[in-house]
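Trainee: Please take one part of this model and examine it closely, strand by strand, and then set it in the context of the rest of the chain. I would like the reasoning to stay visible throughout.

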Amino acid sequence: MTVYMCEPWLEGILCGVYDAWSDPAGHENVRLAVKGEYEELELFAEYRDVQICPEKAEKVIRSVCAKLSQEIYRKVYTASLSQDRERADKIYRFLIQAFRHGPSVLDMLQLPACYDLFGLCRNVYNENHQLTQFTRFSQTGQGVLISRIGPKNDVLPLLAPFFTDRLPMENWMIYDENRGKAAVHPAGGTWMLLYGDSQPEALFGGQLDQATDQAEYESLWKAFHETVAIEALKTPTCQRNHLPLRFRPYMTEFQK
């Protein structure tokens with residue numbers, strides 16, 4: 001068995017797909033894994049590092065779009081945003097089936113590889129949908145809207161277009177604490193992703209550390225909830241089902 005160790009983002013995974021596909025040993029004797037994730041070493045397996053090569057990734061993208069469909073490429077892209085540590089190999093197995101069966105493969109959930117990709121996409125879409133409701137902004141004195149999030153999946157590329165449509169004439173920034181990167185949107189312009197690498201606070205700290213109106217809205221939200229709440233009708237379990245605890249540290253109304 002040959003295990004191709006690829007970078008955790010889309011380009012790295014597609015380079016891994018390209019190298020694994022070219023391996024003469026065949027699909028059954030190769031596997032993809034993501035660097036930086038826990039990997040239980042296999043006895044007698046050969047591990048190879050996948051080097052980033054934009055030309056290889058571009059070839060895979062062109063093949064998927066031309067021979068399959070744009071929708072399949074969108075699914076592969078969405079799956080690459082998942083935090084599942086087996087996402088690289090699941091994408092590879094799905095593409096094997098996709099090139100075997102054609103564009104209709106998306107409807108073949110009876111195939112394990114197709115169902116696995118469907119599960120990755122569903123998980124990413126669900127978290128992105130939740131964050132469109134639970135993301136909270138605070139306004140600085142300069143009028144910039146600032147938000148912090150800590151998602152499991154890398155949903156920032158999906159979340160940013162939503163708020164670009166909702167807040168097109170605002171200057172805003174959404175900072176992903178788990179990955180040290182931010183989506184930045186200038187008023188009237190388009191959004192962009194900025195990476196803080198190993199010291200994200202050094203890049204974004206100027207905005208993140210500014211005084212905002214958060215304290216004021218904390219008080220308003222708490223006063224609202226205390227006023228409308230009916231003690232006898234409180235159902236903490238139902239509340240957790242609709243609003244998971246992991247989102248609450250980033251929401252204005254739950255700040256202490």
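Mentor: Before looking at who stands beside whom, we need a criterion: two strands count as paired if DSSP finds at least two bridges between them. The model is predicted, and the part I have chosen is an open sheet of five strands, which are arranged in the order E4-E5-E6-E7-E8 with mixed pairing. Its edges are formed by E4 (138–139) and E8 (192–195), each of which pairs on one side only.

Begin at the E4 edge, where E4 and E5 (residues 145–149) run antiparallel and are joined by two bridges; they qualify as a pair because the criterion asks for at least two. Within this pairing, Ser138 stands opposite Ile146 of E5. Packed on the sheet is helix H6 (residues 156–166), which touches E5, E6 (172–176), E7 (181–185) and E8, and whose direction makes about 160 degrees with that of E6.

Moving along the order, E6 and E7 are antiparallel and joined by five bridges, with Tyr175 placed opposite Ala182 of E7. These two strands form a hairpin with four residues between them, and Gly180 there adopts a positive phi near 65 degrees. On the other side of E7 comes E8, again antiparallel, over four bridges, and here Ala183 faces Leu193 of E8 across the pairing. E7 and E8 likewise make a hairpin, this one with six residues between the strands, and Gly188 in its turn has a positive phi of about 80 degrees. E7 therefore takes part in both hairpins, and as a strand it is mostly covered, with four of its five residues buried; a residue is called buried when its relative accessible area is under 20%. When you inspect the strands yourself, keep one expectation in mind: in a regular strand the side chains alternate between the two faces of the sheet.

To set this sheet in context, turn to the other one, an open sheet of three strands in the order E2-E1-E3 with parallel pairing. E2 (30–34) and E3 (46–49) stand at its edges with a single partner each, so one side of each strand has no neighbour in the sheet. On average, neighbouring strands here are turned by 30 degrees against each other, direction ignored. E1 (residues 2–6) and E2 are joined by five bridges, and Val3 has Arg31 in E2 as its bridge partner. Across E1 and E2 lies helix H4 (residues 87–101), running at about 140 degrees to E2. Of the 15 residues of H4, 11 are buried, so the helix is largely enclosed by the rest of the structure, and the elements covering its buried residues include E1, H1, E2, H2, H3 and H5.

Nonpolar side chains tend to be buried together in soluble globular proteins, and it is worth following how that looks here. The largest nonpolar core contains 36 residues, and Val76 and Phe94 have the most contacts inside it. H4 gives this core more residues than any other element, namely seven. Phe94 touches, beyond its sequence neighbours up to four places away, Ile72, Val76, Val105, Leu106, Ala113, Cys114 and Leu117. A second core, separate from that one, has 18 residues, among them Val124, Ile149, Leu159 and Ala183. This second core brings us back to our sheet: Ala183, one of its members, is the residue that stands opposite Leu193.

Finally, consider the whole chain, which has nine helices and eight strands. Its C-alpha trace spans about 65 × 45 × 35 Å along the principal axes, and 43% of its 256 residues are buried. Of the contacts between residues at least 6 apart in sequence, 64% join residues at least 24 apart. The accessible surface amounts to about 14300 Å², and carbon and sulfur atoms account for 53% of that area.

Notes: Residues are numbered from 1 along each chain as its sequence is written. This is a predicted model: local features need pLDDT of at least 70, side-chain atom pairs count only at pLDDT 80 or more; totals for chains, interfaces and linings use all residues. Side-chain values use heavy atoms; hydrogens and water are left out. Axes are lines fitted to C-alpha atoms, for helices over the stretch in contact, and angles run from 0 to 180 degrees between N-to-C directions. Contact means heavy atoms within 4.5 Å. A nonpolar core is a set of buried Ala, Val, Leu, Ile, Met, Phe, Trp, Tyr and Cys residues joined through side-chain atoms within 4.5 Å. Buried means under 20% relative accessible area, exposed over 50%, partly exposed in between (1.4 Å probe, protein chains only). Accessible areas come from the Shrake-Rupley method with a 1.4 Å probe; for residues, only the protein chains shown count as cover.
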